[in-house]
Amino acid sequence: MNWEAYIHSDPSILAGKPVVKGTRLAVDFIMRLLATGWSEEQVLENYPTLTTESLRAVFAYAAECVSDESVYSLHTH
């Protein structure tokens with residue numbers, strides 16, 4: 001998945017947070033909706049500017065971010 005076709009960052013939109021292109025929907029906002037139990041169908045129904053492909057891009061972007069070795073600073077208990 002080429003997430004770069006769907007996700008971008010612009011300092012004039014949400015202080016530069018990564019968003020789905022053509023929206024003001026931040027990647028972290030969408031991920032939080034899904035983490036709290038929203039289904040893909042609920043997200044798409046409530047945010048009609050999103051597509052199945054843009055949701056996949058959100059996941060691809062997040063996967064790339066967490067695969068970056070710099071985020072391995074999480075503490076284990």
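Let me start with S54, which has its place in helix α3, and which is buried, with a relative accessible area of 3%. Setting aside residues up to four places away in sequence, S54 touches Y6 and V20. I should say at once that what we are looking at is a predicted model, and that the chain averages a pLDDT of 90, with 87% of the residues scoring at least 70. Broken down by element, confidence in the chain is lowest in α3, where the mean is 94, and highest in α2, where it is 98.

For orientation, the chain holds 3 helices and 2 strands, and reading along the sequence one meets them in the pattern β-β-α-α-α. The chain has 77 residues, of which 29% are buried. If we take the contacts in the chain with a separation of 6 or more, 36% of them are accounted for by residues 24 or more positions apart.

Let me turn to the interior. The largest nonpolar core has 15 residues, and those touching the most other members are W3, I7, V20, I30, V43, L50 and V58. Helices α1 and α3 each supply at least two residues of this core, and the largest share, 5 residues, comes from α3. I30 is a useful residue to follow here: leaving aside its neighbours within four places in sequence, I30 is in contact with V20, L25, L50, L55 and V58. V20, which we have just met as a contact of I30, is also one of the residues that the buried S54 touches.

A second buried polar residue deserves a moment, and that is T23, found in the loop between β2 and α1. T23 counts as buried because its relative accessible area is 10%, where the limit is under 20%. The side chain of T23 reaches the backbone nitrogen of L25 at 3.0 Å, and L25 is in turn among the contacts of I30. Beyond its neighbours within four places in sequence, T23 is in contact with I13 and T49.

Now to the charged side chains. How many salt bridges does a search of the whole structure find? The search gives 2, and D28 takes part in one with K17, where the closest N and O atoms are 3.1 Å apart. This pair links distant parts of the chain, since D28 is in helix α1, which spans residues 27–35, while K17 is in the loop between β1 (7–8) and β2 (19–20), the two being 11 residues apart. Both partners are partly exposed, D28 with a relative accessible area of 27% and K17 at 39% relative accessibility.

The side chain of D28 also meets that of R32 in a salt bridge, with an N to O distance of 2.7 Å. Why are D28 and R32 separated by about one helical turn? The reason is that they are 4 residues apart in helix α1. R32, at 53% relative accessibility, counts as exposed, because the limit for that class is over 50%. Through shared partners, the salt bridges join K17, D28 and R32 into one network.

Let me close with the aromatic side chains, of which the structure holds 3 pairs. In one of them, the rings of F29 and Y47 have their centres 5.8 Å apart and their planes at 85°, so this pair is edge-to-face. Here too the pair links distant parts of the chain, with F29 in helix α1 and Y47 in the loop between α2 (40–46) and α3 (52–67), 18 residues apart. Are these two residues buried, partly exposed or exposed? F29 counts as partly exposed, at 34% relative accessibility, and Y47 is likewise partly exposed, with a relative accessible area of 24%. Together with W38, these two residues form one aromatic cluster.

To draw the strands together, helix α1 carries D28, which bridges to the loop between β1 and β2, and F29, which pairs with Y47 in the loop between α2 and α3, while α1 is also one of the helices that each supply at least two residues of the largest core.

Notes. Residues are numbered from 1 along each chain as its sequence is written. This is a predicted model: local features need pLDDT of at least 70, side-chain atom pairs count only at pLDDT 80 or more; totals for chains, interfaces and linings use all residues. Side-chain values use heavy atoms; hydrogens and water are left out. A salt bridge is a side-chain nitrogen of Lys or Arg within 4 Å of a carboxyl oxygen of Asp or Glu. Buried means under 20% relative accessible area, exposed over 50%, partly exposed in between (1.4 Å probe, protein chains only). Rings of Phe, Tyr and Trp (its six-membered ring) pair if their centres lie within 6.5 Å; planes under 30 degrees apart count as stacked, over 60 as edge-to-face and the rest as tilted. A nonpolar core is a set of buried Ala, Val, Leu, Ile, Met, Phe, Trp, Tyr and Cys residues joined through side-chain atoms within 4.5 Å. Contact means heavy atoms within 4.5 Å. pLDDT is the predictor's confidence in each residue, from 0 to 100. A polar contact is a pair of N or O atoms within 3.5 Å; within protein, one must be able to donate a hydrogen and the other to accept it, and residues adjacent in sequence count only if both atoms are side-chain atoms.
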